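Welcome! Take a moment with the sequence and the model below, then work through the exercises at your own pace.

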Amino acid sequence: SQLYVLSDKENYDKSVENNNSSEYPSDNMDENISKAKELLGGKTPTVRILYNNKNANRVNSYQMIKESAEKAGFKVEDKGTEDWSEQLPTGKDGAYDASIFGWVSSGVGNSALGQIFKTGASSNFTSYSNATVDAAADDIMKTTD
């Protein structure tokens, strides 16, 4: 996951270039689906997607993801539920593979980084764990410009 604001276009563009997502332009979905099929090599993995099924934006996002993912060969399992936020922590137990939701940091500055990405943090719903990231999350809280 990456966090960018609109004014950070230069770093966003660098990230797109470095993570190879530029190879999958949003204006050529048919080609992207063909590439996904190739990467899957005939496999048909199941992806369980958690989202708020009472939020029209999340429902629409889910439907678009499901449509293209199934064309590529994925089996998509609808985990949409009204109590989605209560289900987020269950991702650590393997209850879902991906989630669609919006998140707003209640803190200011860099406090959100550790909250999302630090091992064991309250909003680290995927159980991401990386010692380098943990140290950076601690350091950034002590660093001033």
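**Exercise 1: Placing D78**

D78 is found in strand β2, residues 75-78. Strands (E, at least two residues) and helices (H or I, at least four) are DSSP runs, numbered from the N terminus. Before going on, note that this is a predicted model, in which local features need pLDDT of at least 70, side-chain atom pairs count only at pLDDT 80 or more, and totals for chains, interfaces and linings use all residues. Residues are numbered from 1 along each chain as its sequence is written, and side-chain values use heavy atoms, with hydrogens and water left out.

Task: Work out how exposed D78 is and which residues it touches.

Solution:
- Step 1. Check the cut-offs: buried means under 20% relative accessible area, exposed over 50%, and partly exposed in between (1.4 Å probe, protein chains only).
- Step 2. Apply them: D78 has 43% relative accessibility, so D78 counts as partly exposed.
- Step 3. Look for contacts, meaning heavy atoms within 4.5 Å. Leaving out residues up to four places away in sequence, D78 touches I49, Y51 and Y62.
- Step 4. Look at the D78 side chain: one of its polar atoms lies 2.7 Å from the backbone nitrogen of G80.

**Exercise 2: Reading the sheet**

Task: Find the order of the strands, and explain why β2 and β3 each have one side without a neighbour in the sheet.

Solution:
- Step 1. Use the pairing rule: two strands pair if DSSP finds at least two bridges between them.
- Step 2. Read off the order: the open sheet has 3 strands, arranged β2-β1-β3 with parallel pairing.
- Step 3. Find the edges: β2 and β3 (98-100) each have a single partner strand, so one side of each is left without a neighbour in the sheet.
- Step 4. Zoom in on one pair: β1 and β2 are joined in the parallel sense over 4 bridges, and D78 in β2 is the bridge partner of I49.
- Step 5. Add the helix: α3 lies across β1, β2 and β3, and runs at about 160° to β2. Such angles run from 0 to 180 degrees between N-to-C directions, with axes fitted to C-alpha atoms, for helices over the stretch in contact.

**Exercise 3: Finding the core**

Task: Which residues make up the largest nonpolar core?

Solution:
- Step 1. Recall the term: a nonpolar core is a set of buried Ala, Val, Leu, Ile, Met, Phe, Trp, Tyr and Cys residues joined through side-chain atoms within 4.5 Å.
- Step 2. List the 6 members: I49, Y51, Y62, A69, V76 and I100.
- Step 3. Trace where they come from: β1 (46-51) and α3 (56-72) each supply at least two residues of this core.
- Step 4. Look for another: a second, separate core of 5 residues includes L50, W84, Y96 and F125.

**Exercise 4: Comparing ring pairs**

Task: Decide how the rings of Y51 and Y62 are arranged, stacked or edge-to-face.

Solution:
- Step 1. Take the rule: rings of Phe, Tyr and Trp (its six-membered ring) pair if their centres lie within 6.5 Å; planes under 30 degrees apart count as stacked, over 60 as edge-to-face and the rest as tilted. This rule gives 2 aromatic pairs.
- Step 2. Apply it: the Y51 and Y62 ring centres are 4.6 Å apart with planes at 15°, so the pair is stacked.
- Step 3. Check burial: Y51 is buried at 3% relative accessible area, and Y62 is buried at 1%.
- Step 4. Try the other pair: the rings of W84 and F101 have centres 5.7 Å apart and planes at 35°, so this pair is tilted.

Note on methods: Polar contact = N/O pair within 3.5 Å; in protein donor to acceptor, adjacent residues only side chain to side chain.
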